[in-house]
Amino acid sequence: MDRLFDTHAIRISRPCAPVWTLTTPDAGGLDAPRKVVVPSVWESHPALRAYRGRGIYEQTLRCGGNVRLWLGGVSFRAKVFMDGALLAEHYGAYTGFEALALGLPRGEHTLRVEADNRYGDDSALHVPNDYYAYGGINRPVLVEQLGDAYIVRCHVRTRLTDAGWTAECAIRVRSLSGAPMEAELCVDIAGHSARTAVALPAGESVDVTLSVPCGDVRPWSPDDPALYAVSAVLSVGGAPVDDLIDRVGFREVRVEGRRILLNGAPLRLKGFNRHEEYGSFGLSAPLEAMMQDVQLMRDLGANCVRTCHYPNDPRFLDLCDETGLLVWEESHVRGFDEQRMRHPLFMEQLRASTAEMVEQHFNHPGIFVWGSLNECADDTEYGAACYREIFGLLRELDDTRPVTAALLERPGGRVFGDMDVVSVNLYPQWYHATPVAESLAAKLRESDANGGADKPVIVSEIGAGAIYGYHDPLGRSKWSEERQCDILEAQIEAVLANPDVTGIFLWQFADVRVDESWAPHRPRGFNNKGVVDEYRRAKLAYGTVKALFHKL
Ligand code: ADA
């Protein structure tokens, strides 16, 4: 399953069988085919712990007719073949894509997916970085049976009017037929429905909007995360031919002065930055591990999580929706200077990551803000223009959520005025000795003087490192668990004492593996600023943060 609920009652959709044959042609003597389960990353196999190359996944499928494969994530280049014919190509580990095989004869077919995690000139976003660029089919794969037309997506905007809540549904239907068709579309949500006729030109996609008055539904909130199924059904000649079921929560997010309002109530954010990674499973954490993260963050007193620095597995987002954890989701890029931003493919690949994120995750009620461009060159004219373009794209794709970007601590930012929420990453007491309150005040002054006055402010990263199990109760030296407690305590207290700040995301929830080129600054080859280590063993800071988050 790629979601945590049934997504179809009419379309036949099943998870691809989990065992595949993997060949690793660039692994020298380790290239013999081996059986692996999917989703996974090949680094979870001990022989391939540091493998950078191609991974050829194969399995036999019994299918026929119009087959739609959905690949939730392949890290980080992908080519999909059916019986040797190329069906689809995709770049970027963190968003899904479809591969269509039309008019297949019924019987056995060979499905082959080539993944590739080598850095190279054609990769602008996946570069050696402060997290690891894994390889493999890292999210679930679905095999679906389609007829002559199918529902591509149904985006739901929930709005509160004088008559109660309304669900505005933007539905895309695609014809796979060589002839025009007359169809009907019906949407059901919370016991209310609406329908419309759809004329489908041969082989084309059509966008339809339907407004469904839903009246007095239970709104979604962190304290009462009420979810409703939205079901869209496509019929031809009175017979249902396809459907799509998603989940929505009724809620509105608005920015008003320094405040972010959820259904009119101001948010006070206390949360974590979380990389999608777990111990030896790397990027492909099992569902149980995702749920454990949600439970640990709740136990720590957090009400929000930031999906640094890329879109997350929809199953994790589903868990957030269900448990009321608010989400800052961002498209994929971390820490690029202007030179990297001038890579000829940078904007094209970032636009794709951004558009696919919004397209695929639009309905998650937990997502309250979209982000992008973490710590890039917002201090140069060229860099600032990239920020503005991505903010524009986010707003064009979704007019219901504010946009933001986590900015670097150095002065000279030019985009405070361009975002709805000002977000700043600060590392006082860790990378430099300035007192926390002072470094925050300096950044706020800079933001206020440059277009950010009267906007909500989030401290999107702040934190300190500790190596699990390293203790130094007397000297409290850097990397000891004791020192991490001292610094986090000073940081959290100072940030949450500032009335202009709407929230804090600690850097970070769990330790993560980094690219080898970062290892000289990162003991163990890990970014060790987690309050738990990569296996979720609690450091001393777990207790410190828990006490503060519950108190403040
Ligand atoms: C930055 C960056 C993070 C991480 C962090 C750190 O703020 O956004 O990805 O690298 O610094 O640990 O230094």
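The following dialogue goes through the ligand site, the pockets, a hairpin and some backbone features of one structure.

Trainee: What should be known about the model before reading it?

Mentor: This is a predicted model, in which local features need pLDDT of at least 70 and side-chain atom pairs count only at pLDDT 80 or more, while totals for chains, interfaces and linings use all residues. Residues are numbered from 1 along each chain as its sequence is written, and side-chain values use heavy atoms, with hydrogens and water left out.

Trainee: Which residues come nearest to the ligand?

Mentor: A residue is near a molecule if one of its heavy atoms lies within 4 Å of it. Here 13 residues are around the ligand, and D130, E375, Y431, E461 and K529 come nearest. The shell comprises three nonpolar, four polar and six charged residues. In these classes Ala, Val, Leu, Ile, Met, Phe, Trp, Tyr, Cys and Pro are nonpolar, Asp, Glu, Lys and Arg are charged, and the others, Gly among them, are polar.

Trainee: Which side chain has a polar atom 2.4 Å from an oxygen atom of the ligand?

Mentor: A polar contact is a pair of N or O atoms within 3.5 Å; within protein, one must be able to donate a hydrogen and the other to accept it, and residues adjacent in sequence count only if both atoms are side-chain atoms. The 2.4 Å contact belongs to E461. For N374, a side-chain N or O atom is 2.8 Å from a ligand oxygen, and for R522 the distance is 3.3 Å. The ligand taken alone exposes 320 Å², of which the protein buries 97%; such accessible areas come from the Shrake-Rupley method with a 1.4 Å probe, and for residues only the protein chains shown count as cover.

Trainee: How many residues line the largest pocket?

Mentor: On a 1 Å grid over the protein atoms alone, a pocket is an open set of points where a 1.4 Å probe fits, with protein on both sides within 12 Å along at least five of seven lines; lining residues have an atom within 4 Å of a point. The largest pocket has 36 of them, and R68, W70, V152, R153 and Q360 lie nearest its centre. Its space is about 730 Å³, a volume being the space filled by probe spheres set on the points, which are joined across faces, edges and corners. Strand β11 (149-161) is one of the elements that supply at least two lining residues, and β11 gives the most, with six. The lining has 12 nonpolar, 11 polar and 13 charged residues.

Trainee: What is the volume of the second largest pocket?

Mentor: That volume is about 290 Å³. The second largest pocket is lined by 21 residues, including R251, E252 and V253, which are among those nearest its centre. Again β11 gives the most, with four residues.

Trainee: How do strands β18 and β19 run relative to each other, parallel or antiparallel?

Mentor: Strands (E, at least two residues) and helices (H or I, at least four) are DSSP runs, numbered from the N terminus, and two strands pair if DSSP finds at least two bridges between them. Strands β18 (residues 253-256) and β19 (residues 259-262) run antiparallel, joined by four bridges. E256 stands opposite R259. Two residues lie between the strands of this hairpin, where G257 takes a positive phi near 60°.

Trainee: Where is the backbone unusual?

Mentor: Most residues other than glycine have a negative phi, and most peptide bonds are trans. L373 has a positive phi near 55°, in the loop between β24 and α5. The bond from C308 to H309 is cis, with omega near -10°, and H309 lies in the loop between β22 and α2. The bond from W507 to Q508 is also cis, with omega near 5°.
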